[in-house]
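Reader: I have a chain open on my screen and would like to go through it. Can we start with the basic terms?

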Amino acid sequence: MQRSLSSLVRPARGFSTKAEKIVASVLFERLPVVIPKIDPVVYAFQEFSFRWRQQYRRRYPDEFLDKSNARGKGDYQIDYVPAPRITEADKTNDRKSLQRGLDRRLYLLLYGNAYGSPAANPAWHFPEKVYESEETLRKCAESALESVLGDLSHTYFVGNAPMGHTVMQQTEDSVEVPSFKRFFFKSQVIATNKFNIRKCKDFVWVTKDELLEYFPDQAKFLNKMIIS
């Protein structure tokens, strides 16, 4: 006896027919401007290695090493004074400035309405956008960052694939928002130290340690995803 196709194909139990939302978030970072300080253990090893090599290095006559007489006329030496590693923004803890934490990576956080949070309660979040009809998910991430910065002329997206994702479950505070997936893309600051951040109530540039303070519930996930 031949059965009809409709009798053979049955809907799976426990699954909703409503399409699951996908959100593209951007981890926008500024790379270190100066070389980070050397770890004390590494510094001690380098000092030991230098002194050890000095004991067995080849000895040259003093006349050979005396460069003062060989210096040509008109040559001069400039005393180089490096710029301070601690800036005024560091001293005042100005988190709206990119001129802070020069030896660390800084990340952009926005304060305002975020997807998944109650509309009446603004929250800290990364630049984000719900995926709609973009060609790719990265295009959606680019659109999210462009809406905040105005243009992408001073940005560089690292790769086409997301660097991580998380599933946000439905909570009692956001019953109207079903569970959704958030994909993170990495983008970096290029050739600028100031942006005109818009479409948010507030923003900050924070280090990784400071960033985890804004997301205590997701600190474990972000600590694994962000390598700095």
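Author: Accessible area here comes from the Shrake-Rupley method with a 1.4 Å probe. The model is a predicted one.

Reader: OK, so what does the accessible surface of the chain come to?

Author: About 16,600 Å², and carbon and sulfur atoms account for 53% of that.

Reader: And how many of the residues count as buried, as a percentage?

Author: The chain has 228 residues, and 29% of them count as buried.

Reader: How many helices and strands are there?

Author: Seven helices and eight strands. Taking contacts between residues at least 6 apart in sequence, 67% join residues at least 24 apart.

Reader: Which residues touch the most other members in the largest nonpolar core?

Author: Phe28, Leu108, Leu149, Phe195, Ile197 and Trp205, out of 20 residues in that core. At least two residues each come from β1 (21-30), β2, α5, β7 (180-189) and β8 (202-206). The most come from α5, which gives five residues.

Reader: Is there another core, and what does it include?

Author: A second, separate core has 13 residues, including Phe184, Val206, Leu222 and Met225.

Reader: Back to Trp205. What does it touch?

Author: Leaving out residues up to four places away in sequence, Trp205 touches Phe28, Leu108 and Phe195, among others. The list also includes charged partners such as Arg95, Lys96, Arg100 and Glu210.

Reader: Changing topic. What volume does the second largest pocket have?

Author: About 240 Å³.

Reader: Which residues lie nearest its centre?

Author: Asn113, His125, Glu128, Ser147 and Lys199, from a lining of 16 residues. Sorted by class, the lining has nine nonpolar, four polar and three charged residues.

Reader: Which elements supply at least two residues of that lining?

Author: β2 (106-112), β4 (128-130) and α5 (137-149) each do. Of these, β2 and α5 also each supply at least two residues of the largest nonpolar core.

Reader: Last topic, backbone angles. Which residue in the loop between α4 and β2 is worth a look?

Author: Asn93, in the loop between α4 (88-92) and β2. Asn93 has a positive phi of about 55° and is not a glycine.

Reader: Is Asn93 buried, partly exposed or exposed?

Author: Partly exposed, as the relative accessible area of Asn93 is 43%.

Reader: And what about Ala191, where does it lie?

Author: Ala191 lies in the loop between β7 and β8. Ala191 also has a positive phi of about 55° without being a glycine. With a relative accessible area of 72%, Ala191 is exposed, because the cut-off for exposed is over 50%.

Terms used:
Residues are numbered from 1 along each chain as its sequence is written. This is a predicted model: local features need pLDDT of at least 70, side-chain atom pairs count only at pLDDT 80 or more; totals for chains, interfaces and linings use all residues. Side-chain values use heavy atoms; hydrogens and water are left out. Helices (H or I, at least four residues) and strands (E, at least two) are DSSP runs, numbered from the N terminus. Buried means under 20% relative accessible area, exposed over 50%, partly exposed in between (1.4 Å probe, protein chains only). Contact means heavy atoms within 4.5 Å. On a 1 Å grid over the protein atoms alone, a cavity is a set of points where a 1.4 Å probe fits but cannot get out, and a pocket is an open set with protein on both sides within 12 Å along at least five of seven lines; lining residues have an atom within 4 Å of a point. Grid points are joined across faces, edges and corners, and a volume is the space filled by probe spheres set on the points. A nonpolar core is a set of buried Ala, Val, Leu, Ile, Met, Phe, Trp, Tyr and Cys residues joined through side-chain atoms within 4.5 Å.
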